[in-house]
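Trainee: I would like to go through this model with you, one feature at a time. Where should we begin?

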Amino acid sequence: MEKNPENQTNFIGFILLGFSSSPEFQGFLFPVFLCMYLLCLLGNLMILLLIFSSASLLHAPMYFFLCHLSLADLGLSSTIVPQMLQNLLSRTNSISFSGCLTQVYFFVSFCAADNFLLASMAYDRYVAICRPLHYATTMSYRFCIQLAAVSWLLACAHSLLYVLSMCNFKFCASREIPHFFCDLHPLLKLSCSDTSSVEMLLVSEGTAMLLGPLLLIILSYLFIVFKVLKLPSGLSKYKAFSTCISHLTTVALFYGTLLGIYIRPSSTYAGLKFKIASILYTVVTPMLNPFIYSLRNSTMHEAMKRILSKKHEFSS
């Protein structure tokens, strides 16, 4: 059933309403989000530099997947934040229809890639702790490449499915999106077309794509917990759990916000709380992930020391 087709008008683009129309509030938000984005760029580029500078790290499954996670986080944040900063600075919040769909495509792609990569990292921890004697053969470099490739291909196909479904949508007189970027739910609410097929897709396929990897993560950690509890010494238990803390923290940040937003009909999408939740996984989580994985990681510290010593030797 179409929604108010009589209100349909010649359509040229959207207006992103953002957080507030108050110039003072926008002036406060710009430096905050700029600093967060620069920290995100610095942290994730640092992770990539450290891993690519060491062949041993690049061929270690944990750091191989961390490298891809940093790429996905960089892409996710860069899809959203520069457009938001431009709107805050210029206060011209318009975005074309093609630009909006492009943003939707890359946003969903990088989110889905994060989802699959976190599941791959959980499987890596499961094999390392529960099947250590088979770790080298199971998590071979070739198998890691295959897992990463499948993660990216599924993410791109998942995103393309939604964008192609929305390409022929017609939109009503209102062009105002009550958000700071083009997201699926507000776009569906603005459409005059019958959106039931995409709504069904979000609830069924979208839920499966989100909960499937999450279920794999939960099962992996259940096996890990059972295995670790059988270890004889407290020190062994601490060492085993310490290799999982960073990954579990990232999983909690990522899924904690996504589950609250996307496992629901678009008719319930509303208000400031959804914007705040969106900031958490599009800006805050990509900014924090590099520091979560590097602050307590002695291997990353050693890689940083090697780079700094090489730079010192070169300069002297």
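Mentor: We begin with residue classes: Ala, Val, Leu, Ile, Met, Phe, Trp, Tyr, Cys and Pro count as nonpolar, Asp, Glu, Lys and Arg as charged, and the others, Gly among them, as polar. This is a predicted model, in which local features need pLDDT of at least 70 and side-chain atom pairs count only at pLDDT 80 or more, while totals for chains, interfaces and linings use all residues. Residues are numbered from 1 along each chain as its sequence is written, and side-chain values use heavy atoms, with hydrogens and water left out.

Trainee: How many charged residues are in the lining of the second largest pocket?

Mentor: On a 1 Å grid over the protein atoms alone, a pocket is an open set of points with protein on both sides within 12 Å along at least five of seven lines, a cavity is a set where a 1.4 Å probe fits but cannot get out, and lining residues have an atom within 4 Å of a point. The lining of this pocket includes Phe 116, Ser 120, Leu 147, Ser 151 and Pro 213. By class it has eight nonpolar and two polar residues, and the number of charged ones is no more than that word says: no charged residues.

Trainee: What is the space in the second largest pocket?

Mentor: Grid points are joined across faces, edges and corners, and a volume is the space filled by probe spheres set on the points. H4, helix H6 (141-166) and helix H8 (196-229) each supply at least two lining residues; helices (H or I, at least four residues) and strands (E, at least two) are DSSP runs, numbered from the N terminus. The space comes to about 150 Å³.

Trainee: Which helix gives the most to the lining of the second largest cavity?

Mentor: The structure holds three cavities of 30 Å³ or more, and the second largest has a volume of about 100 Å³. Eleven residues line that cavity, and the closest to its centre are Gly 18, Phe 19, Asn 87, Leu 88 and Asn 93. With three residues, the helix that gives the most is H3 (residues 61-90).

Trainee: Which strands stand at the edges of the sheet, and why is one side of each left without a neighbour?

Mentor: Two strands pair if DSSP finds at least two bridges between them. Three bridges join S1 (residues 13-16) to S2 (residues 94-96), antiparallel, and two join S1 to S3 (residues 176-177), parallel. The open sheet therefore has mixed pairing and the order S2-S1-S3. Each edge strand has a single partner, so one side has no neighbour in the sheet; the edge strands are S2 and S3.

Trainee: In S2, which residue is the bridge partner of Gly 13?

Mentor: Along the same pair of strands, Phe 14 stands opposite Ile 95. For Gly 13, the partner in S2 is Ser 96.
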